[in-house]
Amino acid sequence: MTHEALLALLDDMTLEEKAAQLAQIPMSACLGGVSEPTGPMTALNLTPETTALCGSLIADGVMEPEGYASVVRALTQAHPHHIPPVVMKDVIHGHKTMFPIPIAIGSTFEESYAESMARCGAREAAAMGAHATFSPMVDVVRDPRWGRVMESPGEAPALCAKMGAAMVRGTRNGDISKRDSLAACAKHFAAYGLSQAGQEYSPIDVSRAELYNTYFPPFEACVKAGADLVMPAFVGLDRVPCVCNGWLLEDILRERMGFEGVTISDWDDPGQLRNHGIASDLKEAAQLCIDAGLDMDMMSFAYLPHLADLVREGAVDESRIDAACLRVLELKNKLGLFENPIKNDSAAYASSVLGCGEIREAAYDAALASCVLLKNDGALPLASGVKVALVGDHADSRAILGGWTMDADRTQTKTLKESFAADPRVSLVSPEEAEMILFAAGEREQDTGEGASKTRPQLSVGQMDELRCLYSLGKPVALLLFCGRPLILTDAEPMCAAILNCWFPGSEGADAIRALVMGDQSPSGRLSMTFPRAIGQIPIHHDRLSGARPHLDGECYYNRYIDESSDPLYPFGFGLSYTTFALESEIVEETLAPDHPACIRATVKNTGDRPGAAVIQVYAHLRRSTLIRPRRQLIAFRRVPLVPGEEKAVDFALTPEMLILYDAQGRAFMPDGICDLAVGMDAAAPMTLSIRCRRI
Ligand code: GLC
């Protein structure tokens with residue numbers, strides 16, 4: 001439909017019809033059709049008429065194509081202008097075939113895995129009838145107590161930005177009207193990861209300078225990559241909830257970032273203004289949100305019954321409704337829904353896509369690349385013929401997919417035991433008979449993700465007891481760790497000859513873990529989030545701001561703890577391999593100026609006897625600047641696969657944008673003077689190079 005036709009359609013619509021386009025209701029309320037009121041519909045004070053007018057459906061149950069297509073067809077038919085609803089779904093790390101959780105994908109430090117995960121998830125969910133996904137989540141995360149760190153690419157703004165943009169590209173596939181594409185929604189805008197004490201749905205308190213420098217950049221990257229929607233976070237900024245924060249949704253998102261898509265609330269977030277005491281009822285909540293620039297109300301039922309009245313009463317200007325409704329219509333137009341409201345209604349097509357070999361192979365490759373070898377005293381890889389005991393909560397469990405797996409096909413998911421038992425090189429025996437013990441343990445899936453904050457992110461008491469028993473047998477124990485967040489491993493680590501962090505590796509995780517344990521591939525993941533030594537260190541992250549008195553060994557009035565080291569157990573970017581690498585770096589162009597990038601060259605060689613992938617990381621530290629800045633910050637990275645003896649030179653172009661700093665008003669300060677650089681394999685790499693930055 002042309003833009004003019006959209007404007008003409010908008011002009012033809014009544015106020016009620018326009019307001020209803022801004023309401024998202026559950027698919028489950030419509031599954032019984034819209035000719036007669038169903039129970040779920042009535043429970044939500046919906047009638048067949050108002051249901052038919054609603055602009056969007058959230059796929060709140062397990063999707064299946066015919067049912068979803070029949071609802072979309074019925075609503076489109078029943079709408080006075082035959083405007084189809086847009087169907088949205090959480091496709092966070094796959095749909096039927098699960099990929100490793102996003103924090104694991106962040107550990108690949110390779111955008112192509114993020115793009116592949118999003119591409120495959122979009123293909124499967126579109127085949128089931130979805131039009132849009134509430135992904136990528138690009139909250140910068142630094143507190144392992146918060147359960148939702150699993151949904152993020154990690155703690156570094158540069159990593160979240162690149163991975164988030166890659167997921168947007170993978171989800172959209174260049175054109176969201178394609179049968180196997182979805183519209184992408186960047187979330188949660190912004191700084192949700194700062195929830196106080198890591199406790200879910202707690203308030204945050206953050207400076208505007210911190211927003212501009214840390215929390216906004218991943219969203220800017222997603223907007224630039226073409227994100228179609230943005231979802232405000234459940235939190236507030238400057239004590240104004242994001243969902244009704246005009247500074248955030250209009251001054252920042254639209255004016256500063258140039259976003260032209262749809263803003264959609266999180267679940268019932270407008271309704272939650274009553275909990276904040278910001279609104280006394282849903283009508284007031286509706287007014288506050290629409291006036292702040294929120295386009296669509298997910299599941300609050302604030303917009304649907306009240307927006308038209310607010311306009312008639314003169315409390316809300318109709319132009320607000322028109323602008324929001326036009327953006328929703330434009331989204332539907334980009335999706336091609338006016339010509340083809342149904343992405344797919346064929347179970348045959350869906351079954352040809354779901355779990356197809358290509359998607360499962362991509363999930364397998366991502367699982368291989370995301371596991372992080374944290375310790376290895378030589379216990380891994382296992383030799384062929386070795387007698388192995390495979391024990392622990394996750395040894396014989398299909399619950400290795402992580403959160404947001406409502407639609408996952410668990411029948412596809414092998415257990416570790418099934419995978420190892422099928423390998424002729426391995427004989428599974430009891431711990432007493434074993435030469436090597438694999439202890440598969442960690443978090444339960446349901447203890448990660450939304451609503452799953454923990455005060456003790458660590459192995460359970462039972463798991464620690466089991467580890468002590470295994471350790472007492474006097475045989476090497478390799479911990480195969482399953483987690484949706486960094487865990488405190490300080491007490492477990494001394495009892496483990498090896499630790500392989502598998503995160504939640506997804507549908508193909510068991511075979512990928514086996515391949516790594518058996519040495520078919522070398523682990524190559526690097527930590528996308530710092531692993532603390534103690535809970536008391538949280539939040540701990542590589543890019544902490546500089547302090548007045550940096551740590552000085554032996555000195556007491558300096559940055560330190562008196563009861564614990566200030567260092568993490570495992571730093572950001574850390575990960576071991578079965579091979580070894582030699583890394584050298586040099587300055588190619590030492591001056592960095594506007595339109596004149598500096599350049600450093602890293603030469604990395606595989607000095608071992610096995611293939612492996614190095615992840616070269618570049619950290620920067622501005623020696624002096626107008627504002628306090630991080631002691632070091634990741635600004636660039638590259639994953640480099642190498643066979644034994646192979647050497648590659650990798651050039652990094654460094655631009656002012658990588659080092660830019662913003663003040664509390666969002667004014668940019670270009671780097672000036674000397675910038676120290678660390679080129680290494682994790683965030684502990686020493687600063688050995690420096691470049692000269694010039695503002696003009
Ligand atoms: C949830 C989450 C959000 C998700 C939405 C829809 O509360 O905060 O990330 O996309 O509701 O399920």
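Let me start with a term: a salt bridge here is a side-chain nitrogen of Lys or Arg within 4 Å of a carboxyl oxygen of Asp or Glu. With that in hand, look at aspartate 423 and arginine 425, whose side chains meet in a salt bridge at 2.7 Å, N to O.

Before I go on, a word on what we are looking at. This is a predicted model, where local features need pLDDT of at least 70, side-chain atom pairs count only at pLDDT 80 or more, and totals for chains, interfaces and linings use all residues. Residues are numbered from 1 along each chain as its sequence is written, and side-chain values use heavy atoms, with hydrogens and water left out.

Back to our pair. Is aspartate 423 buried or exposed? I'll call a residue buried under 20% relative accessible area, exposed over 50%, and partly exposed in between, using a 1.4 Å probe and protein chains only. Aspartate 423 counts as buried because its relative accessibility is 4%, while arginine 425, at 25%, counts as partly exposed.

Over the whole structure, the search finds 43 salt bridges. One of them joins the side chains of arginine 123 and glutamate 358, at 3.2 Å from N to O. That pair links distant parts of the chain: arginine 123 sits in helix α7 and glutamate 358 in helix α17, residues 357–370, with the two positions 235 residues apart in numbering. When I say helix or strand, I mean DSSP runs numbered from the N terminus, with helices being H or I of at least four residues and strands E of at least two. Arginine 123 counts as buried because its relative accessibility is 17%, whereas glutamate 358 is exposed at 55%.

Another pair is aspartate 447 with arginine 444, where the closest N and O atoms are 2.7 Å apart. Some salt bridges share partners, and in that way Lys414, Asp423, Arg425, Asp511, Arg514 and Asp520 are joined into one network. As for the 444 and 447 pair, aspartate 447 is partly exposed at 21%, and arginine 444 is partly exposed too, at 48%.

Two members of that network, Asp511 and Arg514, are among the buried residues of α20. How many of the nine residues of helix α20 are buried? Nine of the nine, across residues 509–517. What do those buried residues pack against? They pack against α17, α18 (416–421), β14 (436–442), β15 (477–482) and β16 (498–501), where contact means heavy atoms within 4.5 Å. After α20 comes glycine 519, which has a positive phi, near 85 degrees.

Now to a strand. In β21, residues 633–642, eight of the 10 residues are buried. Strand β20, residues 612–622, pairs with β21 in the antiparallel sense over nine bridges; for us, two strands pair if DSSP finds at least two bridges between them. As one example, glycine 612 has leucine 642 of β21 as its bridge partner.

Both strands turn up again at the largest pocket, so here are the rules for open and closed spaces: on a 1 Å grid over the protein atoms alone, a cavity is a set of points where a 1.4 Å probe fits but cannot get out, a pocket is an open set with protein on both sides within 12 Å along at least five of seven lines, and lining residues have an atom within 4 Å of a point. Grid points are joined across faces, edges and corners, and a volume is the space filled by probe spheres set on the points.

The largest pocket has about 1,000 Å³ of volume. It is lined by 38 residues, with Pro157, Asn213, Pro217, Glu657 and Met658 closest to its centre. Elements giving two or more residues to this lining include β20, β21, α9 (208–215) and α10 (217–224). Which element gives the largest share? That is α8, with six residues. By class, the pocket lining has 21 nonpolar, six polar and 11 charged residues. Here Ala, Val, Leu, Ile, Met, Phe, Trp, Tyr, Cys and Pro count as nonpolar, Asp, Glu, Lys and Arg as charged, and the others, Gly among them, as polar.

Finally, the closed spaces. There are four cavities of 30 Å³ or more, and the largest holds about 70 Å³. Its lining has 13 residues, with Val91, Met117, Ala118, Ser135 and Thr171 nearest the centre. Helix α7 gives the largest share of that lining, four residues, and the lining of this largest cavity has seven nonpolar, six polar and no charged residues.
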